[in-house]
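Hi everyone, thanks for coming. I'd like to walk you through a few spots in one structure, so have a look at the screen.

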Amino acid sequence: MTPSQLLEIEKGRGDGVTDLQGAQKIGVDPKEVVEFCKKQNVRIVDLRFLDLLGLWQHFSIPVKALTPATFAEGLGFDGSSIRGWQSIHESDMLVVPDPTTGFLDPFSEVKTLNLICDIRDPITGRDYLKDPRQIGRRAEAYLRSTGIATEAYFGPEAEFFIFDDIRYDQSINQAFYHIDSAEGHWNTGREESPNLGYKPRHKEGYFPVPPTDSLQDIRNEMILLMEECGLEVEAQHHEVATAGQSEIDLRYRSLVKQGDGLMIYKYITKNVARRRGKTVTFMPKPLFDDNGSGMHIHFSLWNGDTPLFAGDKYAGISQTALYAIGGILKHTPALTAFTNPTTNSYKRLVPGFEAPVNLAYSSRNRSAAIRIPMYSNDPGAKRLEFRCPDPACNPYLAFAAIMMAGLDGIQNKIDPGPPLDEDIYALPDEAMRSVPSTPVSLDAALDALEKDNEFLRAGDVFSKDVLSTWISYKRQNEVEALRLRPHPYEFLLYYDI
């Protein structure tokens with residue numbers, strides 16, 4: 001059976017729907033969704049889809065325009081203005097709502113049902129190759145076609161900052177940004193009438209109780225709304241940096257479902273902050289000289305109810321897991337083009353700030369790129385934690401790329417070598433030189449992706465067109481655009497030359 005045939009089967013399964021619906025019980029098929037809207041007096045239906053880079057897009061229709069036929073035929077829209085998508089001369093596209101993804105919007109004044117959608121070509125009727133959600137679907141279909149596993153699970157630990165104010169501008173004669181936070185340690189001397197103190201010092205924001213952690217109630221509101229929208233939250237807490245760095249962890253789910261979940265996660269965090277007069281950013285490194293925001297991704301493969309990463313090898317993992325580690329470490333330079341997809345990402349991926357730049361694996365050692373968590377001896381808890389990624393990534397592309405690298409390691413029996421259980425940063429220079437590292441820039445990551453992408457193209461998961469579009473867009477609109485602009489720090493260095 002081909003991956004495309006498997007993909008058609010997967011679309012009809014509809015299993016696991018209630019884990020996204022939560023208590024809302026919206027339904028699993030089009031008729032149930034339409035009936036739910038009538039019973040709940042829904043007035044607006046919001047249709048959501050993702051551009052190639054990872055930003056949610058939407059448009060809304062009155063509820064009477066949603067019929068069972070909508071879920072089969074879709075609705076037309078102009079795709080030419082979506083980043084990384086169609087040209088102006090081939091702009092017509094179809095947005096097709098997935099009936100298993102509905103959730104009531106917790107922020108709209110008018111009662112609104114949100115539906116996550118897939119994109120199709122209206123001429124051929126086929127799934128659109130540049131739709132990130134479809135790339136995730138193809139990855140899941142390819143996994144099953146290999147016979148290695150039936151499911152890949154992902155558990156992201158996304159970090160973000162909650163700021164009080166952000167100003168930035170870029171023009172021909174100026175460039176600046178200004179961030180502020182009542183928690184920022186730089187404000188210990190500010191006149192606040194009164195200044196009450198309790199501002200986390202740099203790199204000392206991990207786990208303090210209120211009043212030092214001033215954002216407990218905001219994060220609680222976020223996780224309760226996430227649960228109302230069907231997500232399962234494992235924990236929330238303040239993170240290491242000063243100025244409101246936070247983390248909320250999601251329970252593991254399958255690839256596409258977790259991609260959906262992370263988009264809902266971002267939507268909720270940003271809107272809760274906004275209605276409280278604050279702002280959330282998933283930018284990896286907004287503050288100089290303090291910790292940036294990563295997104296450690298827990299990854300495991302299962303065959304039915306059997307966890308494939310549990311075994312009797314190092315740290316209680318299997319030979320399959322070791323091969324998966326070998327594949328991920330081998331392909332990490334190329335992977336970072338998707339898991340760390342911004343120029344700002346590489347201001348976080350530097351030594352000294354807990355971001356793992358060294359390509360090694362270990363149990364418990366958080367300075368390694370891949371960690372094997374040791375919290376439990378339960379075979380179902382055995383997983384790999386890939387620590388390089390950051391939350392600026394498009395989750396469908398990042399999860400798919402990580403899985404494809406792991407599968408390549410399993411299929412080709414890639415040996416990851418011995419684990420590195422020492423403190424990497426305490427190793428002598430000679431030993432450090434033998435440990436490979438992540439790319440130092442987005443430009444270098446794109447170079448790596450150009451040279452190493454065959455593992456992504458297996459099963460047509462990432463088409464050549466997707467890869468070439470991603471690379472050219474990132475080079476032209478981010479790498480080159482940044483290279484052309486004077487940096488404020490250059491004035492400090494060179495103005496008086």
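**A helix, an asparagine and some cysteines**

Let's start at Lys413, which sits just after α10 and has a positive phi of about 50 degrees. Keep in mind that this is a predicted model.

Now step back into the helix itself. α10 covers residues 395-411, so 17 residues by the helix definition. From first C-alpha to last, α10 reaches 24 Å, close to the 24 Å expected at 1.5 Å a residue. Is α10 mostly covered or mostly open? Mostly covered: 16 of its 17 residues are buried. At the N-terminal end, Asn394 acts as the cap of α10, with a side-chain oxygen 3.2 Å from the backbone nitrogen of Tyr396.

Next stop, another asparagine. Asn340 lies in the loop between α8 (319-339) and α9 (345-348). Asn340 counts as buried because its relative accessibility is 0%. Which residues does Asn340 touch, leaving aside those up to four places away in sequence? Among them are Tyr346, Arg348, Pro389 and Leu442. Cys388 is on that list too, and the side chain of Asn340 reaches the backbone oxygen of Cys388 at 2.7 Å.

That brings us to the cysteines. Cys388 is buried as well, with a relative accessible area of 0%. Why is there no bond from its sulfur? Because the closest cysteine sulfur, in Cys393, is 12 Å from the sulfur of Cys388, too far for a bond. Cys117 is also too far, because its closest cysteine sulfur, in Cys37, is 13 Å away. With a cut-off of 2.5 Å between sulfur atoms, the count comes to 0 disulfides.

Definitions and conventions:
Residues are numbered from 1 along each chain as its sequence is written. This is a predicted model: local features need pLDDT of at least 70, side-chain atom pairs count only at pLDDT 80 or more; totals for chains, interfaces and linings use all residues. Side-chain values use heavy atoms; hydrogens and water are left out. Helices (H or I, at least four residues) and strands (E, at least two) are DSSP runs, numbered from the N terminus. Buried means under 20% relative accessible area, exposed over 50%, partly exposed in between (1.4 Å probe, protein chains only). Contact means heavy atoms within 4.5 Å. A polar contact is a pair of N or O atoms within 3.5 Å; within protein, one must be able to donate a hydrogen and the other to accept it, and residues adjacent in sequence count only if both atoms are side-chain atoms. The expected span of a helix is 1.5 Å times one less than its number of residues.
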